[in-house]
Every structure is written in C-alpha cells, then in structure tokens.
Amino acid sequence: MKKYFILIFILFTLFAFNTANSIKDESLEKYKNTKTKEAYSKYKATYNTHKEFANIVFNTLIHRDDIISAFEQKNRELLKNILLHDYMELKKFNVKQLHFHLKNNISFLRMHRPEKYGDDLTNVRPTVAYVNRYKKPIDGFEEGKIFNGFRYVFPLFNKKNIHIGSVEISFSALLFIKEFYKNYNMKCNLFIKKDVVKAKLFKSEKSNYEDSLFKNYYQQKSIVEYINKNNLNSIKLDKNIFEIVNKKLSKNKNFSVFNNDKLITFLFLKNPITKKNIAFFTISVNDNYKNEQERQMFIILILVLTIFLIIIIVLYRSLKSNEKIKIDLKEKEQKNKQLKDLSKKLKDNLQKYSDHIIYSKTDLNGDIIEVSDAFCKISEYSREELLGQKHSIIRNKNMSEDIYKNMWELLLNNKTWKGEIQNISKNGNIYWISSTIYAEFNSSGQKTGYIAIAHNITNTKKVEYQHNRLMQTDKLVAMGEMITNISHQWRQPLSIISTSATGILMQSEMENINKEFLTKACKAINQNTQLLSKTIDEFRNYTNDDQIIEKAELKDIIEKFKNLINYSLEAEKIEFIANIEDDLVIECSKNNLIQCFINFFNNSKDAFILKQIDYKLFIIKAYKEDEKIIITIQDNAQGIDEKIINKIFEPYFTTKHQSQGTGLGLHMCYKLITDNMQGSIEVENKRYEYNEKIYTGAYFKIIL
C-alpha cells in the first residue's frame, strides 16, 4: 500500500509541474504582450509630441509670405538667410533637418547641409514624392541620403494656392533614444536594415554606420557613441535568447523577450509609404517579473505538493492511527497561521505605499474619490476634506492656465500627461511635485476616471533656485572687477582732458590764446573723450544680458577681453601674450565667451598671489587644426594640485573660502563650451619654454 501512495505522489508531481509551467508560460506571454503595447504607446506619445511640434513650426515659422516668395523665386541664398536665425533656434529644440524640395522632388535647400542640393529624391525619399504628387502632408521614419530620422513632410503653395514644392522637418532617432531614457528610464538602441541604407545613402555618409549583432542590420555610430558614453548599453543577449530573437525578427511584428533580469522590447519602424519594416528600436528595462513568476510558481508548486503530500500522509496514517490525524491537523493550523502572517505583511506593505506615494484618483468629472496618506500629508488636508473636491483646492494661482489646458487636452484624448506643478497647502505652504496623470479604464474598456502619481520635488526646486543665485553672484563679482578696471582706465584720459581744458582757460584769461596749442588741446580732448566712450561701450556690451548667438572674429573677442582686464594686468604686473591666427570665426555668445576667458584669468591671478609668483605670464593662443578651432590658455603659476585637477569643472567645487568663490566659474566655462558650443575642454599641468626659460603652469585646451 505504501508503494501505491508513493506512485500517486510522483504522478501528481509531474502533473502539477506541467500545469504550473503551462500557466507560468501563458502568464509571461500575456505580460510581454502588455509591456510591448505599453512601450509602443510611449513611443507613439513621443512621436506625436514631435509631430505636433513639427505642425507648429510649419504653420508659424515656415508658412510665411517671405519664405514662400523666396522659394518660389528659387533664390536659395535668400531663403537660407531668411531661415538661418530660426533654424539655429529650432536646433535648440532638437530639430535635425529643415529641407526644401522642388515639386519635381529635386533637393533645393538642406539647412543642415546647404552645400548639398540638386539631387533627385524620387527613388530614395518616397515621402517627398508622395507629398509632391498628392499635395498632402505625410510623416514617418525614413532613411535619406544624409540622415535617417522621423520626418514630417508638408506641401507648399504660393499665394494663388498653386503647388510649388514641399518642405521637411525632421528629428533624429538619437533624440527619441535620449527622451525615452529621460522620460521613462528606458535604455534604447536603433537598428536599420542594411539594404535600405546601402540603397539610399550618399557614399560620403556611409561611414556613419557600422555592423551590429544582427547580421542584416546596421547601427548608427552617433547612437553607439552616445550609448557607450552614458553607459546605456541596452541589449546583451544570451545565446539561446539571441536565436529566439532572430526567429521573431523575421516575422516583423513588435515583441518582447526576457533576458536575465531585463525585458527587451523590439518595436518595428515602417516606411510610411511602402508600410514595410525598415528598422527597429530595442527598449530595455529592468524587470524581475519572470524571475518573480518562476519564484511564485516554485513556491505554489512546493505548497501544493506539500499539501498533497500532507493529504497522502494523512490518508495513509489515518488508516493506522487517529493520533496521527491530530498531528496533521496541527500542521494545517500552522500553515493557516503563516497565511495570516503573509496577509498582514501585505496590508503593511499597502500602508507603506500610501505613506510614501502621492497618489490620487478622480472620477470623470475630476472629483477626488481616493487619496493616499502622503497626499494628505503634503497638502495638509484630511482625507475627508479632500474627497469630493477637485484638485483646484490645492492649485496655486501663480501657475499658468496653459499648463492645465494642455493637461486636459491630453487626458480627454486618453493620453498621458507628465509635468511639474506648484501647489499650495491648506496652511499656505508652497510645494512642488512632479506628476504623471493618465486615464483609468474598466475591464470593458470604458473610461472610469483619472489617476495621478507624483513625488515631491520641492527640495530640488530650492537647489535650482540657489544654483541660479550663485551663478548671478559670479556675474556680479566679475562686473565689480570690470568697474574697477574702467575707473583706473579713465584716470589718464580724464587727466589729459583736465590739463588741456585748464591750459585753454588760462590762455583765455590772459587773452593770449595760441592757435596751435588750442588745436592740439581740442584734438586731445576729442581723442580722449572717444576713448572714454569706447570703454563705456565695451563695458555695456559685456554687461548686456542678451545671449545672442552670432558669428564673430576670435581676434576681436580676445581684444575686448584684454581691454576689460587691462588694469588688472598693469596692477598685478602680469605679462599678457596673445597669439591668434587671422580669420578665425566662431559662432557663440560673445559676452559668455568673454566671461569664460575672465574666469580663466581670475583663477591664474589668484594662483599668482597665492604662490607669490614674481614674474607672471598669461598666454592665450588660437589656431586651426583638422577643421577644428583650438584655443589654449596657460600661465606659469606652477600648476594645479594633481589630487583635485579632475574635479575643477564640477559644480560648487572650489579651493577658496566660500566668501571668495562659489565654485561655479570653471563649471560655467565647461557647460558653455560643451553644451552651448558643442566643443570639448581638457586640462593638464604642463612645462613649457618661453624666452629661453622653463616654466610650469595650468594648461587648458578648448576644441571647437
């Protein structure tokens, strides 16, 4: 009889394992399908945001009479000049391309590459051919002769509503990858079919691609560099997963796979005309759902087998002894107690969620029907005071109505809204939250209300405010130094003017005015008056807050910089050496760049004083190398401590007392050069020879 019970247990174990495994696989498949849809929904939300922006750009900046007229006249230079400022502004909003095409699909003007035009786009750009043929806008992902990207193509008509061509506004795939990481903390990559790239790209642009781990697909080098630079490698597949992925790729349908503790989603990008898949995104997120399911399956399986084993044992031993039955009942009681303990832990966890997450739920009318304890705590209202109210009970009237208008437009269209909101509590305390709001649906797909999940960012906002104040402090300190410079630079011209005027007055009183002396004195007064005016103009230009981005001669910028520090050079006996090649033109905010040079100079000046250097050198050079402009700045103040040299560009890092510096000077220089001017900056301690003597000092190298 004992053998029969053992055989039954083995058969039930096999049945339970197969059943549990089948349920687990079905659950994982449903979960992956859900996550695939969620990833696609986020992709579409990002895509539609850029589509709306492209429509705004077209309707407000492109569809203007002066642009239509220049394009209709086929005046490429005029069209480029009209658009240049707007295009530079659009680049700040991540617009990659602004491309005009004639109605026969010939490229007329690429603002990103104005030297490339006149090529026929009919066969390589189906979207352009479609818009010029049907005179209707179209959008989608497409490979071009220079770049791939998300393209929004619009037809162009003249005042008589006659079709004259088309225009394209596009965003790079790299932008989507950056925004997915920023908005959703998802690591992405892009893979493009090799045959699509080879068929369309200019030969000169093919070096922008490289082979990927998928043999029929390329990777874009700029995306690979960004991923490697920011440690965002999104896809590393085990061998068995790699084989599964390759099979699924041939089906050209969106899917997700688990790879260790990550969920990787593959979203295919279709050509908007042919509807064929030409590329795909991989989106990787940390996800322990599979491991958790396997763990739960194992726990449930063990629990079921344990219960079944108990039943068998109970049945077996019930035949022998009633005492054994009592023992089994006691074991069941212990199991029940464990279940109660688990239930209590679950309730405790739910309470912790309510304590720490700012959560609220409303009905379709916006009336609050549920709030977390954290919501009550930060708003300083009780749950009873909040239920049935609208969120306007905590709204700060200083917030723009446009924010809430945009929010409701998205929510009414079943889209997710994300943003930062400033609220005011019951007791008048102002606080900031970063909130995500989305619609809630029941099992029948009917919208039932809205859910808002937020976290407190008040401290972050305070830090940002303090940071901006410190930046302004640095600017005011620099202005104070400039005023000191100006006051000293004015002394000599004022002395000359005073002397000349006194001489004229004395000769006038003696009625013995010398004509030659009068002429020289008047010329001296005029020249020095103009010198004073020039000094004021330079200071006014320096203090002007307009951050105008323009092309400027580097030699002129260096000269203005030297004029602003002349007094410090004379007072501190610093030898200023400038070796600037002619015709070096850069695109920048002149004021910001001058401020950057002043920060470098002030650091050298402080180092001279600290280390008691007698003979002081400040050397600035600029030259062109490999199509790059190189600016080097060095002194002879014995260099920077090697222990801190790698930290000097970090915000708030300073070796000075807090009353002497904020630690933002070199950080501001770093941000200006790397972010605003897309350049790079290096620093090292360097030995060099000057006038047959060897000196050591800090050496900064700026590459633009």
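**Exercise 1.** Let's start just past helix H4: which residue there takes a positive phi, and about what value does the angle have?

*Solution.* Step one: go to the end of H4, which covers residues 126–134. Step two: check the backbone just after the helix. Lys-135 is the residue you want, with a positive phi of about 60°. Keep in mind that this is a predicted model.

**Exercise 2.** Staying with H4, find which of its residues are buried, and what they pack against.

*Solution.* Take burial to be under 20% relative accessible area. With that cut-off, Pro-126, Thr-127, Val-128, Ala-129, Val-131 and Asn-132 come out as buried. Next, look for their partners. On the strand side you'll find S1 (97–102), S3 (138–143), S4 (148–157) and S5 (163–171). Helix H6 (194–200) also packs against these buried residues.

**Exercise 3.** Hunt for cavities of 30 Å³ or more: how many turn up in the whole structure? Then describe the lining of the largest cavity.

*Solution.* The search gives 1 cavity, and the space in the largest cavity is about 60 Å³. Now walk around its lining: Gln-97, His-99, Arg-110, Leu-121, Arg-125, Gly-144, Lys-145, Ile-146, Phe-147 and Arg-151. Finally, sort those by character, and you get 4 charged, 3 polar and 3 nonpolar residues.

**Exercise 4.** Zoom out: how many helices and strands does the protein chain have, and what share of its residues is buried?

*Solution.* Count the elements, and you reach 19 helices and 23 strands. Then turn to burial: 41% of the 704 residues count as buried. To round things off, the chain's accessible surface is about 40900 Å², with 52% of that belonging to carbon and sulfur atoms.

Technical notes:
Residues numbered from 1 in each chain as written. Predicted model: local features only at pLDDT ≥ 70, side-chain atom pairs only at ≥ 80, totals over all residues. Heavy atoms only, no water. Buried < 20%, exposed > 50% of the residue type's maximum accessible area, 1.4 Å probe, protein only. Helix = DSSP H or I, 4+ residues; strand = E, 2+ residues; numbered from the N terminus. Contact = heavy atoms within 4.5 Å. 1 Å grid on protein atoms, 1.4 Å probe; cavity = no way out; pocket = protein on both sides within 12 Å on 5 of 7 lines; lining within 4 Å. Points joined across faces, edges and corners; volume = space filled by probe spheres on them. Nonpolar A, V, L, I, M, F, W, Y, C, P; charged D, E, K, R; others polar. Areas by Shrake-Rupley, 256 points an atom, 1.4 Å probe, with all protein chains shown as cover.
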